[in-house]
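Visitor: Could you walk me through this structure and explain the words you use for it?
Guide: Gladly; here it is.
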Amino acid sequence: MNISDFLKGSPDGFDVQGPKVICSFDVFGVTINLTETVAISWLIILAVTLLLLWLTSGMKTKNISKRQVAAEWIVQTLYDLVESSMGKHWRKFAPYIGALFTFSILGSLVSMIGLRSVTADFNAPLAWALVTFVFIHGTNIRTHGFLGYLKGYVEPVFVMMPINVISEVSTPVSMSLRHFGNIVSGMVITSMVYFALSAVTKGIGIAFLTIGIPAVLSLYFDLFGGFMQAFVFIMLTMAYISNADGRAETAA
Amino acid sequence: MENTEMIARAIVLGASAIGAGTAMIAGVGPGIGEGYAVGKACESIGRQPESSGAVTRTMFIGCAVAESTGIYGLFVALMLLFLNPFINKL
C-alpha cells in the first residue's frame, strides 16, 4: 500500500477483527463456538496451574527455598490486600480475588507474546462481572435474608424501585465494559498507529518507523493498562461485595 | 440507480465518522474529573504522607468509576467505526 492510498483511505485498509472462531459444535440445536478467547484462556489456566504446582512443590517448615519464599509472599500480599480493603471476616474471598486478578492480568498480557488478549473479547470480563454479581447478591441475601434483600430495593421510598433495579443491573455492565473498553482501545490505537507507520514507511521506502514506536505503545497499553484494569476490577469487586453486607461500616 | 445507492452509502459512512468523532467528546468530562481527583489526592498525600497507600487506592477506584462515561463514549465510537449498525439499513 502506498502513502497516497493511505491518505485516500484504502479499501483493504484498517479493520478490527473479533476473536476468530476455531470450531463450532451443535449441542441440542444451539451452536457453541470455540473461539480464540476460550482456547487462550485454557492456555492461561494450564500455565498458571503448572506455575502453582512448581511453586508449591516440596514445601518445608525449615530451610525454606527461594521458591517457597516467593509463594508465601504472594499469598501473604493477597490476604493482606483483601483484609485491608474488606475487613477481617472476608479472608475467605482471597482465593477468588487472587484468581480474578491473575486471570485478568495474564489475559491482558498474552498480547505481548503475539496472542489476542482474552480481555479484548467482551465475553470474558462480562463472565467475571457476572460471577461478582452473583457474589454481591448472594452476600446480600445471606446477611439480610430474602425479604430484607427485596426490601432493599424499595429502600428510601417505593418510587425509587426502578432506579434501584437499574443501578443493580448496571453494576456488572459497567464493570465489564470498563475493563473491555480500556483493553480494546489500547488494541485499536496500537494497530492504528502501526497501520499508519507502515503506510508512511512504505511511502518512503525504508522500514524504520515500525520498529520501536508500536512496542512503546504496547508497553503502555498492555502492561500498564492491563495491570491497572486488573487492579481496578478486583478493588471494585471487593468494594461491592463488602458493601452488600451491612456490617461493612463497622469493619472498616 | 447504482449511483444513488453509492451516494447514500457515502452519506451514511461520513455521518458515522462524524458521529464517532462527536461521541469522543465524552472523553473531556472524565479527563477533567480525573485530573481534579488526582490533584486532590496529591494535596492530601502532601498533607498526610502516612496515608498515601489508602489515598492512592481510593483515588484509583474513583478514577476508574469516573472513567466509565468516557469508556461508553469510546464504545459508541468504536461501534460506529467498525461495526456500523446503520449501513445495513439502507
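Guide: Helices and strands here are DSSP runs (H or I over at least four residues for a helix, E over at least two for a strand), numbered from the N terminus. On that basis, chain B has three helices and zero strands, in the order α-α-α along the sequence. This is a predicted model, in which local features need pLDDT of at least 70 and side-chain atom pairs count only at pLDDT 80 or more, while totals for chains, interfaces and linings use all residues. Residues are numbered from 1 along each chain as its sequence is written, and chains are lettered from A and ligands numbered from 1 in the order in which they are written.

Visitor: What makes chain B more spread out than a compact globule?
Guide: The radius of gyration is taken over C-alpha atoms, and the globule rule is 2.2 Å times the number of residues to the power 0.38. For 90 residues the rule gives 12 Å, but chain B comes to 21 Å, well over that value, so chain B is more spread out than a compact globule. Its C-alpha atoms fill a box of roughly 75 × 15 × 10 Å along the principal axes.

Visitor: Why is A:S108 called buried?
Guide: A residue is buried if 20 or more other C-beta atoms lie within 10 Å of its own, exposed if 12 or fewer, and partly exposed in between, with C-beta atoms placed from the backbone. A:S108 has 27 such neighbours, so it counts as buried. A:S108 sits in helix 4 (residues 94-109) of chain A. In chain B, 10% of the 90 residues count as buried.

Visitor: Which residues is A:S108 in contact with, leaving aside neighbours within four places in sequence?
Guide: Contact requires C-beta atoms, placed from the backbone, to lie within 7 Å. The partners of A:S108 are A:S117, A:T119, A:I183, A:D222, A:G226, A:Q229 and A:A230. A:Q229 is 121 residues away along the chain, with 9.2 Å between the two C-alpha atoms.

Visitor: How do you know that helix 5 of chain A bends?
Guide: The bend at a residue is the angle between axes fitted to the seven residues ending there and the seven starting there. At A:G145 that angle is about 110°. The span can be checked too: the expected value is 1.5 Å times one less than the number of residues. Helix 5 (residues 123-151) has 29 residues, and its end C-alpha atoms are only 32 Å apart, short of the 42 Å of a straight helix.

Definitions and conventions: Contact = placed C-beta atoms within 7 Å.
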